[in-house]
Amino acid sequence: GEKDATNRLALLSLTTSMATFSALLMSLLFGVLHETCPYCVSSAILSAGLAVLCWNGDVVPPQNSVEEKTRGAATLGLGSAALTSVAAAALFVNADPTVDVMTASFGGTLPANAAVQMKQPEKDVPPPPITSHSSDRALLLAADLEGLNARMFGAYWCGHCYDQKERLGIEAMERVTYVECSKFGLNSQTKMCKERDVPGYPTWEIGGRLYPGEMELEELEEIVKGAMK
């Protein structure tokens, strides 16, 4: 019926737009930021897969003839892709050039004065300064991390890395080894990050094992406790 045809068109338009936007983000990730992000790539593959399944799964509304069906599908597909491309271009052009693209995409928070110019990446970009002071709990945790030769892998543009450092505080982070994985970051150690197969940022290495993701103090304490057994 008419409702079924409308739902089919909406599904095709949505999945096509998702796949197109994911492709644009991938070009930004690899062509501009020159970084890797397994989760981003996985999301893009899923979006493309959904689009392919819809287009090959007889979701295209039936027409009176094969020619009409082909023409309608082509119009819908090209229209969705073109509209998404125009909208994405407008978004990037009108965006503040000092906005940290990766941080904004994944919900991280960076101080305005610590944002990074992404149009023309520079070398040796320092991470934003830590502003919080460490609690007694954080200092005890940092001492244990230091004793285990623990390391935190991150990137200067990563909002979750910044939040992790803020949670520990200035004094605690002075005792924790931080490894900069971005090739554009200050004291970059990209080769080490690749050799350790770091899956994302931040990632903790404690007791020889990798623990990806931003951690609460309680979570880090549990990991440390297990590593010290």
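Cys-161 counts as buried in this predicted model, with a relative accessibility of just 1%. Since buried means under 20% relative accessible area, that residue clears the cut-off. Cys-158 counts as buried as well, at 5% relative accessibility.

Cys-161 is one of the buried residues of helix α6. That helix runs over residues 159–168, and 8 of its 10 residues are buried, so α6 is largely enclosed by the rest of the structure. Which residues of α6 are buried? They are Gly-159, Cys-161, Tyr-162, Asp-163, Gln-164, Lys-165, Glu-166 and Leu-168, so you'll find charged side chains such as Asp-163 and Lys-165 on the list. Just after α6 comes Gly-169, which takes a positive phi of about 95°.

Now for the disulfide. How many does the structure hold? It holds 1, formed by Cys-181 and Cys-193, with their sulfur atoms 2.0 Å apart. Cys-181 sits in the loop between β2 (177–180) and α8 (190–195), while Cys-193 is in helix α8 itself, so the pair ties together parts that are 12 residues apart in sequence. And its handedness? The torsion about the S-S bond of Cys-181 and Cys-193 is about -85°, so this disulfide is left-handed.

Here are the cysteines side by side:

| Cysteine | Relative accessible area | Class |
|---|---|---|
| Cys-158 | 5% | buried |
| Cys-161 | 1% | buried |
| Cys-181 | 2% | buried |
| Cys-193 | 5% | buried |

Notes
Residues numbered from 1 in each chain as written. Predicted model: local features only at pLDDT ≥ 70, side-chain atom pairs only at ≥ 80, totals over all residues. Heavy atoms only, no water. Buried < 20%, exposed > 50% of the residue type's maximum accessible area, 1.4 Å probe, protein only. Helix = DSSP H or I, 4+ residues; strand = E, 2+ residues; numbered from the N terminus. Disulfide = S-S within 2.5 Å.
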